[in-house]
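Here are some friendly notes to read alongside the structure. Keep the viewer open and find each element as you come to it.

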Amino acid sequence: MATLVTGGAGYIGSHTAVALHEAGRDVVIVDNLANASRRAVEAVRALTTPEVVFVEGDLLDPVVLDRVFAEHEIDEVVHFAAHKAVGESVAHPLEYYRNNLGSTIGLADAMVRHGGNRLVFSSAGTGYGQPETGPVTEAAATGAESPYGWTKYMAEQILTDTAAVTDLDAVLLRYFNPVGAHPSGTLGEDPHGIPNNLVPFVMQVAVGRLDRVRVFGADYDTPDGSGVRDYIHVMDLAEAHVAALDALGRGLPGATPINIGTGVGHSVLEVIEAAARAVGSPIPYEVVGRRPGDIAMTWAATDRAEELLGWRTSRDLDEMLRDHWRWQSSNPDGYA
Ligand code: WQD
């Protein structure tokens, strides 16, 4: 039996493939490399013995899916494959709905036909908006702010409705802000173009590819005025996927949304200071205007993850930034 990781050449998928291997699973990665590097697959295979299997292919091609299920006896799946740039999704909504929903529908259909009945879905915490106060619970989902967010919201509904009438059971992991890298320094985040997200941008400043960090607003109603988010180490996140598959194996019927975060919020300025500690020198930054669409503060309620998965994070912000820096300083141009 084997575990299929769709989009397993991507940032979170590659780290999850390693964590699944370390948990004793036979891993098969399917990725069309549209937004990932073959070198990431090579790095995953260099960390795994026997090496994980890699199939280059597109989930929108039913022949690819049928072949993978038939040849590898897939009995569980972790589904990452998706376009994920919020701004790009606003400019190209049809491409996002076609790709993200089409691949989820095709995958669920293949699972129902071939009998793989345990699915962990890579969802997002983007549909929560600005909480009034305190941590965000799973009950707070209100929709989405972008076509990208709507594809995650709609995919959750597709899987919920499918799980209600088939043997498919799913855990819908709603991530907050993944950062960091595998401690080997050989796997990491390698965004195409100028990073949208804070930590990869900070790291590219630290390694000299960009000149300074722009802090999007320091006039929010937060402890130091800058935005507060729940940053989670990508290895903690990867291990949460293993815990979710294990929980499905013990019996977790239907489709279960679970927030995945540390339960602790950190501000932009705190992240920049932690990065400076990891790098060993100050990170130049400038406070500029707010970014449209940003909210002031959000962080995850973690009790449902602890209760249903028996899982919690173990790595703090300094470890996140140390591991991210080891990757970035060892690979200044990413997987180029
Ligand atoms: C974090 C904080 C910014 C960049 C996004 C996606 C979400 C999810 C996670 C996929 C905010 C500030 C940022 C910069 C800054 N991705 N910032 N300067 O917006 O919380 O969430 O990534 O699931 O879908 O929306 O993450 O890293 O962009 O921003 O000051 O150059 O850093 O204002 O307060 P975000 P982020």
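The numbered points below walk through a sheet, the helices on it, one buried leucine and a few helix contacts.

1. A word before we start: what you are looking at is a predicted model. Please keep that in mind as you read each point.

2. Let's begin with the open sheet. It has seven strands in the order 3-2-1-4-5-6-11, and their pairing is parallel. Strand 3 (53-56) and strand 11 (255-260) are the edge strands, each pairing on one side only. Neighbouring strands here are turned by 20° against each other on average, direction ignored. If pairing is a new idea for you, strands of a sheet pair through backbone hydrogen bonds, either parallel or antiparallel.

3. For a close look at one pairing in this sheet, try strand 4 (residues 74-79) and strand 5 (residues 118-124). These two run parallel and are joined by four bridges. Val 77 is a good place to stop, as it stands opposite Leu 119 in strand 5. Both names will come back in point 5.

4. Now look at what lies on the strands. Helix 1 (residues 11-22) lies across strand 1 (2-6), strand 2 (27-31), strand 4 and strand 6 (169-175). Helix 1 runs at about 170° to strand 2. Helix 8 (residues 234-251) also packs on the sheet, where it touches strand 1, strand 4, strand 5, strand 6 and strand 11. The direction of helix 8 makes about 160° with that of strand 6.

5. Is Leu 107 buried or exposed? This residue lies in helix 5, and with a relative accessible area of 1% it is buried, because buried means under 20%. Leaving aside residues up to four places away in sequence, Leu 107 touches Leu 4, Thr 6, Leu 65, Phe 69, Val 77, His 79 and Leu 119. Among these are Val 77 and Leu 119, the pair that stands opposite each other across strands 4 and 5. As another marker, the C-alpha atoms of Leu 107 and Ala 40 are separated by 23 Å, with the two positions 67 residues apart along the chain.

6. Helix 5 (residues 93-114) also meets helix 3 (residues 62-72). Their axes come within 10 Å and cross at roughly 35°, and the crossing is right-handed. Helix 3 contributes Leu 65, Asp 66, Phe 69 and Ala 70 to the contact, while helix 5 brings Gly 106, Leu 107, Ala 110, Met 111, Arg 113 and His 114. By class, that gives six nonpolar, two polar and two charged residues.

7. Next, find helix 7 (residues 198-206). Eight of its nine residues are buried, so helix 7 is largely enclosed by the rest of the structure. The buried ones are Leu 198, Val 199, Pro 200, Phe 201, Val 202, Met 203, Gln 204 and Val 205. What do these buried residues pack against? Their partners are strand 7 (177-179), strand 8, strand 10 (231-233), helix 9 and helix 11 (317-330). After helix 7 comes Gly 208, whose phi is positive, near 90°.

8. Two of those partners are helices, and we can take helix 9 (residues 268-279) to begin with. The axes of helix 7 and helix 9 come within 11 Å and cross at roughly 40°, which means that helix 7 is oblique to helix 9. The crossing is right-handed. On the helix 7 side you will find Leu 198, Val 199, Val 202, Met 203 and Ala 206, which meet Val 268, Val 271, Ile 272, Ala 275 and Val 279 in helix 9. The residues of this contact are 10 nonpolar, no polar and no charged.

9. Helix 11 is the other helix. Its axis and that of helix 7 come within 10 Å and cross at roughly 55°; these two helices are therefore oblique to each other. This crossing, too, is right-handed. Val 199, Pro 200, Met 203, Gln 204 and Ala 206 of helix 7 make the contact with Leu 321, His 324, Trp 325 and Gln 328 of helix 11. The classes here are six nonpolar, three polar and no charged residues.

10. To finish, visit strand 8 (residues 213-216). Val 213 and Val 215 form its covered face, whereas Arg 214 and Phe 216 form the uncovered one. Strand 8 pairs with strand 13 (residues 285-288) in the parallel sense over four bridges. Which residue of strand 13 is the bridge partner of Phe 216? It is Val 288.

Technical notes: Residues are numbered from 1 along each chain as its sequence is written. This is a predicted model: local features need pLDDT of at least 70, side-chain atom pairs count only at pLDDT 80 or more; totals for chains, interfaces and linings use all residues. Side-chain values use heavy atoms; hydrogens and water are left out. Axes are lines fitted to C-alpha atoms, for helices over the stretch in contact, and angles run from 0 to 180 degrees between N-to-C directions. Angles under 35 degrees count as roughly parallel, over 145 as roughly antiparallel, 65 to 115 as roughly perpendicular and the rest as oblique. A crossing is left-handed if the near helix is turned anticlockwise from the far one by less than a right angle, and right-handed if clockwise. Contact means heavy atoms within 4.5 Å. Ala, Val, Leu, Ile, Met, Phe, Trp, Tyr, Cys and Pro count as nonpolar, Asp, Glu, Lys and Arg as charged, and the others, Gly among them, as polar. Buried means under 20% relative accessible area, exposed over 50%, partly exposed in between (1.4 Å probe, protein chains only). Two strands pair if DSSP finds at least two bridges between them.
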